[in-house]
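This report introduces a single protein chain to a reader who has not met it before. It moves from one polar contact to the core, the salt bridges and the surface.

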Amino acid sequence: DGGLGGDVTVESFNPLIQARGAIIAFGANTTVDVSGGVGDTGGDGGTFTVDYRNATRSRVTLTGTIDASGGAASAAGTRGGDAGDIDVDVHDMAMLSGTFDVRGGAGDATADGGDGGAIAVGTNAAPSRRFFIGGAASGTPIDVNVAGGAALTDVGGDGGSVTVEVDEGRVDWTGDIDASGGASTSGNGADGGDVEFTTYGARRADIRYFGDITTAGSDAAVDGVGSAGGDIELRSLDGSVWVIGIIDSRAGDAVGVGRSAAGAGGNVYFLVDDLSADPNTDPGGVDLLDNFGGTVYFFGLMTTTGGDAGSGNADGSDGGDVVIDSDSDDGEQKTNSFGRIEDLSVIDASGGNGVGTGTNGDGGDITLRASNRRLDNTTPSGCMIGTGTTFTVTAGTGGAVAGANGTLTTD
């Protein structure tokens, strides 16, 4: 079998003697390799940890390659290794760019791919104190891959997760995140993982994300049920949320007679001034911080569609919900700001297609809400919709049993 990847930890042990302003830097030519070994059965990846949360004014710069991927399997019928984890927690600033590879290992014949691992920034005992920059400062985009491993002739591994939490500042991100399910070549699809960014800080604690995010589930192959897309949540409690790119949380399709699309499309939430971990479009379901928040903005292509059924008689799955919201309690506070969906943007939350006597998937709901900054609510909407935008919430087709269309709400 392939060997397990070892663990690497860089940390400050004693907050009473550590230097203020500590700088931990890994240059562009640096490679940290804790990946699992290739063998009959792929080895699991190790864990790379940077823990300087107690070092006052400390900064971490990672600009090379961090590899915690699972090892590939090389013998028929053996599984790829699961990926390890990357965990970064620093008191003041984290600046990341380059390549972060936390993919599951590829499976060999008649065996599954390994699951993707987890990347967490500022998620230990307390959130990181200042701000996190991915790719933006160095000019080199950050490439984060926590996708499940592909299977040679079986089921792919599930996607991993990416979590970023920042206490007192902003997140600037330039680059892509792939948390998709691994490709299946025979059998069921593999579920996508989740991506979550949160800034807890005061004013201007923005999330500015420029790049693509995919948490899509993979399609089944030959004969198998579909898969679920992972959730994507970008949430700033007092700042703005800006997203420009392709957002893909679609569910995977089923293949084969009587095979249904088992999982729904992933939900996508871009939220301002809302503490709820499970956002609710009903004002009674939100958890406000202080009625202060910035702008919410989106430009790009977003897909949260349900999966299609196979053949014969089978069901499609539901589309995921989309909430883009800077006025969660619909209070129209002057201290909350507007929203905008830019020209030519596309949001598709349609349900998956059924077949035969099966049921079509429901369309997901799309909620676009922002403050019009007038407590008398005299203007029609605080969320501006650009020219040529397209929103789709229709149920799937093809099956004998109708699904329900989703609801498009603009406020």
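In this predicted model, a polar atom of the Ser240 side chain lies 2.8 Å from the backbone nitrogen of Thr295. Ser240 itself is found in the loop between S18 and S19, and with a relative accessible area of 10% this serine counts as buried, because the limit for that class is under 20%. When neighbours within four places in sequence are left aside, Ser240 is in contact with Asp206, Ile207, Val272, Gly294 and Thr295, so that Thr295 appears both in this list and as the partner whose backbone nitrogen faces the serine side chain.

A second serine can be described in the same terms. Ser317 is found in the loop between strand S21 (296-303) and S22, and this residue is buried, with a relative accessible area of 5%. Its side chain reaches the backbone oxygen of Gly263 at 2.7 Å. Apart from residues up to four places away in sequence, Ser317 touches a set of residues that includes Ala251, Ala261, Gly263, Ala264, Gly306 and Gly307, and also Gly351, Gly352, Gly361 and Asp362.

**The nonpolar core**

In soluble globular proteins, nonpolar side chains tend to be buried together. Here the largest nonpolar core has 56 residues, and those with the most contacts inside it are Phe197, Leu234, Phe270 and Ile324. Which residues does Ile324 touch, not counting those up to four places away in sequence? They are Phe270, Val296, Phe298, Met302, Ile341, Ile347, Thr367, Leu368 and Arg369. Of these, Phe270 is itself named among the core residues with the most contacts, while Arg369 takes part in a salt bridge with Asp325.

**Salt bridges**

The structure holds ten salt bridges, and three of the pairs are set out below with their distances from nitrogen to oxygen.

| Pair | Distance (N to O) |
|---|---|
| Arg103 and Asp101 | 2.7 Å |
| Arg259 and Asp223 | 3.1 Å |
| Arg369 and Asp325 | 3.0 Å |

The side chains of Arg369 and Asp325 meet in a salt bridge, and this pair links distant parts of the chain, with Arg369 in strand S25 (residues 366-369) and Asp325 in strand S22 (residues 322-325), 44 residues apart. Both Arg369 and Asp325 are buried.

The side chains of Arg259 and Asp223 also meet in a salt bridge. Arg259 lies in the loop between strand S19 (241-248) and strand S20 (268-272), whereas Asp223 lies in the loop between strand S17 (213-214) and strand S18 (232-236), so the pair ties together parts that are 36 residues apart in sequence. Arg259 counts as partly exposed at 28% relative accessibility, and Asp223 likewise counts as partly exposed, at 35%.

In the pair formed by Arg103 and Asp101, Arg103 is partly exposed, with a relative accessible area of 38%, whereas Asp101 is buried at 11%. In addition, a network of salt bridges links Glu196, Glu233 and Arg235.

**A nonpolar patch on the surface**

Phe210, Ile244, Phe299 and Leu344 form a nonpolar patch on the surface, and together they have about 350 Å² of accessible area. Within this patch, Leu344 is placed in the loop between strand S23 (339-341) and strand S24 (346-348). Is Leu344 buried or exposed? At 65% relative accessibility, Leu344 counts as exposed, because the limit for that class is over 50%.

Methods. Residues are numbered from 1 along each chain as its sequence is written. This is a predicted model: local features need pLDDT of at least 70, side-chain atom pairs count only at pLDDT 80 or more; totals for chains, interfaces and linings use all residues. Side-chain values use heavy atoms; hydrogens and water are left out. A nonpolar core is a set of buried Ala, Val, Leu, Ile, Met, Phe, Trp, Tyr and Cys residues joined through side-chain atoms within 4.5 Å. Buried means under 20% relative accessible area, exposed over 50%, partly exposed in between (1.4 Å probe, protein chains only). Contact means heavy atoms within 4.5 Å. A salt bridge is a side-chain nitrogen of Lys or Arg within 4 Å of a carboxyl oxygen of Asp or Glu. Helices (H or I, at least four residues) and strands (E, at least two) are DSSP runs, numbered from the N terminus. A polar contact is a pair of N or O atoms within 3.5 Å; within protein, one must be able to donate a hydrogen and the other to accept it, and residues adjacent in sequence count only if both atoms are side-chain atoms. Patches are made of residues with over 30% relative accessible area and no salt bridge: like charges are joined within 9 Å, nonpolar side chains (Val, Leu, Ile, Met, Phe, Trp, Tyr) within 5 Å. Accessible areas come from the Shrake-Rupley method with a 1.4 Å probe; for residues, only the protein chains shown count as cover.
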